[in-house]
Amino acid sequence: MSAEQPPAPPAEARTAPRPVLEVTGLEVRYGRRRPPVLRGVSLDVGPGETLGLIGETGSGKSTFARAVLGLVPAAAGSVVIDGEETRGHSRRQWRRLRRSGVVQYVFQDPLRSLDPDRTVAESLTEPLLVQGVTAAEAAERARAFLDQVRLSAELLDRLPGELSGGQRQRVAVARALVTEPRLVILDEPVSALDSANRVQVLEILKDLRARGTALVLISHDLGSVVGVADRTAVLYQGELVESGPSADVVNRPRHAYTRLLVSSAPTLHGARTDRAGREALRAQLTDLSH
Amino acid sequence: MVRRVLALTSGRIAVAVLLVIALLALLGPLLAPQNPLAGSDNALATASGAHWLGTDYLGRDVLSRLLDGSRVSVLGSLEVAVTALVVGTLPGILSVYLGRTFEWVTLRLTDTLVALPFLLFAVAVIALLGNGLTQAMLVTGVLVSPLFYRVSRAATLAVARAPYVEAALISGASLGWTVRKHVWGKVLPPIAVALAQTVGTGFVIVSSLTFLGIGVQPPAPTWGGLLASDLGYLDQRPWGPLAPALLIMITVWACNLLADAIRDVYGQAGRALDNDRKARAHHLARTAPAPTGGAS
């Protein structure tokens, strides 16, 4: 699974009922002859738990999300969502699972993840209408969820292009929540937001967690995740190199890449000392990859 | 869409001209003041009270022939455009979704169709099936269909992998739902533009074919046929081809104008403007400043 054995997770996470997401030995390839983008990734997320998935660009974070959602096929391993093994699922089986609303995804780019020609109301009601909910009930629930993400109902008739970045992101989150999923995967949910909007989105995520929704927060920025996530997993070149309680990952990083991530945050030691430390870690990483 | 096209001056002009042409096609034969097939001794006459647009080389009333030929010309061009639309659009959209084999086969078929010269092919098919406007226009429509295939495929490709399409799939939407709700709306404007242009091209094609005597048996009048017959008598009646040529030109121009209007009103910019207009009207109706939506 990983280059280093992750430390034992906290007892409260382990005693939770069946995990909502269980990934074991996941391998993903884009083309048979190409090297795998993800290798032997194993992790799980329980109800009400938040897992932070950290990695640099190209480390395989988004591919992991796409594999869990069935948008790219897994070459090996298993992905179990709410007790259902999804590897080898046909299109029809995927559609049934998705229509049950058990898993949802919040895209990295909220502007592009909302249809530019469809109003907020149309985007919000779509997952419900697909499930077979009546139009009137879908509209009512969409209005209620807009309220939950602290947006005015007046925005329902607006197009995504007429919203601010923070409003778009909250609409994207509301669309993911409207089916009341058990698992939500969020790809860089706050990285493009200013601090005020960031706080609002993080507050929404806290509410969600309190209601028992399992969250996977994908980010390249360790700092934006550790404060929210119960556990943090670190992806490096397609492999899970470290996983454990967020505090441990930050305070006692075991892998050189995690140490590099932690040391990338500016400190009061001065730029020269920081840079020297990072260069040493990069050299160590280069040795490891050889 | 119609209301938004009509909001533009160019859209209104195009629709007005095309309505007149449609009326000519519907009522032309009834409006013809004289029998369009009846000849007289008064050949190649200039415009007069009896013959507003003069007479042709057999003494037939040109105005009556133009009016009577409208239906064939309009129906022929519509037949070309609708055939091309039906044959090209659906495979164009589905080529993105139905796997590589379907994509490869349809792409090679359209390449083949593009390589065929339509005039020669139409002549060959008519030689095989007999002279008639319907078969000539159907064949021409099939040969024009790669335009719709390419346009619809390109527009579908542009949105097929868009995150909002994937978001719909993640919510459990079927292929039909996704195409209907997210793809069709993006493909429609370029197709509408292509359709309006093809109707214009259809007029030229019908005129070209009937100019050559393909598709319509003489002495049945068509705009293209009139143009052809008048060209033979330029030395005696130099202004002769003017009326049919102007009619063809104005119709093609109106089709292109309509295509431009559709292109202008559709798409994000058009819709945003539309919404902005609605929002302003809403605010004015309230006569009080409306609260801004969310905080940011």
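Helices here are DSSP runs of H or I, at least four residues long, and strands are runs of E, at least two. Keep that in mind for the first stretch. Over residues 118–149 of chain B, the chain is 91% helix and 0% strand. The C-alpha atoms at its two ends are 17 Å apart.

One caution before we go on. This is a predicted model.

Let me stay with chain B. Where does the "transmembrane region" annotation fall? The UniProt record, an unreviewed entry, places it on residues 73–98, 118–149, 161–179, 191–214 and 239–259 of chain B. We have just looked at one of those. Take another, residues 191–214 of chain B. That one is 88% helix and 0% strand. Its end C-alpha atoms are 29 Å apart.

Now the helices themselves. Helix H5 of chain B covers residues 118–129, and helix H6 of chain B covers residues 133–160. Their axes come within 9 Å and cross at roughly 140 degrees. That makes H5(B) oblique to H6(B). The crossing of the two is right-handed. Which residues meet there? From H5(B), they include Phe118(B), Phe121(B) and Leu129(B). From H6(B), they include Gln135(B), Val139(B) and Leu143(B).

H6(B) has another partner, helix H8 of chain B, residues 175–211. Here the axes are 9 Å apart, at an angle of about 155 degrees. H6(B) and H8(B) are therefore roughly antiparallel. This crossing is right-handed too: that holds for H6(B) and H8(B). Look at the residues in contact. On the H6(B) side, among them are Ala136(B), Thr140(B), Phe148(B) and Val159(B). On the H8(B) side, among them are His182(B), Lys186(B), Pro190(B) and Leu209(B). Ala136(B) and Thr140(B) also appear on the H6(B) side of the packing with H5(B).

Over to chain A. First, confidence. The mean pLDDT of chain A is 84, and 87% of its residues reach 70 or more. Among its elements, E1(A) has the highest mean, 94. Helix H1 of chain A, residues 11–14, has the lowest, 48. And residues 1–6 of chain A stay under 50. For that stretch, the model has 18 contacts beyond four places in sequence.

Chain A has an open sheet of four strands, in the order E2-E1-E4-E5, with antiparallel pairing. E2 and E5 of chain A stand at the edges with a single partner strand each, so one side of each has no neighbour in the sheet. E1(A), residues 21–28, pairs with E2(A), residues 38–45, over five bridges. Leu26(A) has Val41(A) as its bridge partner in E2(A). Five bridges also join E1(A) to E4(A), residues 76–81. There, Thr24(A) is partnered by Ser78(A). What lies across this group? Helix H2 of chain A, residues 61–68, lies across E1, E2 and E4 of chain A. H2(A) runs at about 115 degrees to E1(A).

Next, an open sheet of six strands, also in chain A. Its order is E6-E7-E8-E3-E9-E10, and the pairing is mixed. The edges are E6 and E10 of chain A, each with a single partner strand, so one side of each is left without a neighbour. Direction ignored, neighbouring strands are turned by 15 degrees against each other on average. E6(A) and E7(A) pair in the parallel sense over four bridges. Gln104(A) stands opposite Val184(A) in E7(A).

Two helices to point out on this sheet. H7(A) packs on it, touching E6 and E7 of chain A, and its direction makes about 170 degrees with that of E6(A). H11(A), residues 256–263, packs on the sheet as well, touching E3, E9 and E10 of chain A. The direction of H11(A) makes about 110 degrees with that of E9(A).

Last, how do the chains meet? How many residues of chain A are in contact with chain B? 32 residues of chain A, against 21 residues of chain B. On the chain A side, the elements giving two or more residues are H3, E6, H4, H5 and H7 of chain A. H5(A) gives the most, with four residues. Note two names from the six-stranded part of the talk: E6(A) is an edge strand there, and H7(A) packs on that sheet.

Notes
Residues are numbered from 1 along each chain as its sequence is written. Chains are lettered from A and ligands numbered from 1 in the order in which they are written. This is a predicted model: local features need pLDDT of at least 70, side-chain atom pairs count only at pLDDT 80 or more; totals for chains, interfaces and linings use all residues. Two strands pair if DSSP finds at least two bridges between them. pLDDT is the predictor's confidence in each residue, from 0 to 100. Two residues are in contact if their C-beta atoms, placed from the backbone, lie within 7 Å. UniProt positions are given in the numbering used here, feature names are shortened, and annotations may be inferred rather than shown by experiment. Axes are lines fitted to C-alpha atoms, for helices over the stretch in contact, and angles run from 0 to 180 degrees between N-to-C directions. Angles under 35 degrees count as roughly parallel, over 145 as roughly antiparallel, 65 to 115 as roughly perpendicular and the rest as oblique. A crossing is left-handed if the near helix is turned anticlockwise from the far one by less than a right angle, and right-handed if clockwise.
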